[in-house]
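Please look through the chain shown here from its overall form down to single side chains. The paragraphs after it are meant to be read with the model open.

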Amino acid sequence: MDLNTTKIELAKLILSIDNQKVIDKIVKLLKSESKDFWLELSDAEKEGIQMGLDQLDQGKRVSLEDFLKKVS
């Protein structure tokens, strides 16, 4: 089953629920799953990502092909 079909089936299931407690649990689950990954990163991870972004902004890039040559 593809993603869109699964979403439609899920929506149908949710629409058929008449129990508010079950709806509340579904909402809570969906909200907890959609947390921003950035908030889960350590400070060191965030700094590393920011440093990489800064280097890209400064034009400091290495092609994938060159990188693979260096690590092979």
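What follows goes from the fold of the chain to its surface, and then to particular residues and pairs.

The model is a predicted one, and its secondary structure comes to five helices and zero strands. Read from the N terminus on, the elements therefore run α-α-α-α-α. The radius of gyration of the chain is 21 Å, well over the 11 Å that the globule rule gives for 72 residues, so the chain is more spread out than a compact globule. Along its principal axes, the C-alpha trace spans about 60 × 30 × 20 Å.

The surface can be described in similar terms. Of the 72 residues of the chain, 1% count as buried, a class for residues under 20% relative accessible area. The area that the chain exposes is about 6900 Å², and carbon and sulfur atoms supply 59% of this area. As for charge, the chain carries 12 positive and 14 negative charges, and the mean positions of these two sets are 3 Å apart.

Where, then, do charged side chains meet? Side chains of opposite charge can pair when their charged atoms come close. In this chain, the count comes to two salt bridges, for which a side-chain nitrogen of Lys or Arg has to be within 4 Å of a carboxyl oxygen of Asp or Glu. One of them joins the side chains of Glu9 and Lys12, with 3.7 Å from N to O. Glu9 and Lys12 are separated by about one helical turn, because they are three residues apart in helix α1, which covers residues 3-15. Glu9 counts as partly exposed because its relative accessibility is 35%, a value that falls between the 20% limit for buried and the 50% limit for exposed.

The other salt bridge is made by the side chains of Glu65 and Lys69, at 3.9 Å from N to O. Both residues lie in helix α5, residues 64-71, where they are four residues apart, about one turn of the helix. Glu65 is exposed, and Lys69 is exposed as well.

Alongside these charged residues, what makes up the nonpolar surface patch? Val62, Leu64, Phe67, Leu68 and Val71 make this patch, which has an area of about 500 Å². Val62 has its place in the loop between α4 (43-57) and α5. With a relative accessibility of 52%, Val62 counts as exposed, because the limit for that class is over 50%.

Helix α4 offers two further positions from which to look along the chain. Gln50 is found in helix α4 and, at 39% relative accessibility, counts as partly exposed. The C-alpha atoms of Gln50 and Asp66 are separated by 22 Å, the two residues being 16 residues apart along the chain. Leu56 is found in helix α4 too, and its relative accessibility of 38% makes this residue partly exposed. Between the C-alpha atoms of Leu56 and Val71, which are 15 residues apart along the chain, the separation is 20 Å. Val71 is also one of the residues that make the nonpolar patch, so this last pair leads from helix α4 back to the patch.

How values were computed. Residues numbered from 1 in each chain as written. Predicted model: local features only at pLDDT ≥ 70, side-chain atom pairs only at ≥ 80, totals over all residues. Heavy atoms only, no water. Helix = DSSP H or I, 4+ residues; strand = E, 2+ residues; numbered from the N terminus. Buried < 20%, exposed > 50% of the residue type's maximum accessible area, 1.4 Å probe, protein only. Patch = residues over 30% accessible without salt bridge, like charges linked within 9 Å, V, L, I, M, F, W, Y side chains within 5 Å. Areas by Shrake-Rupley, 256 points an atom, 1.4 Å probe, with all protein chains shown as cover. Rg over C-alpha atoms; globule rule 2.2 N^0.38 Å. Lys, Arg positive; Asp, Glu negative; His and termini not counted. Charge placed at Lys NZ, Arg CZ, Asp CG, Glu CD.
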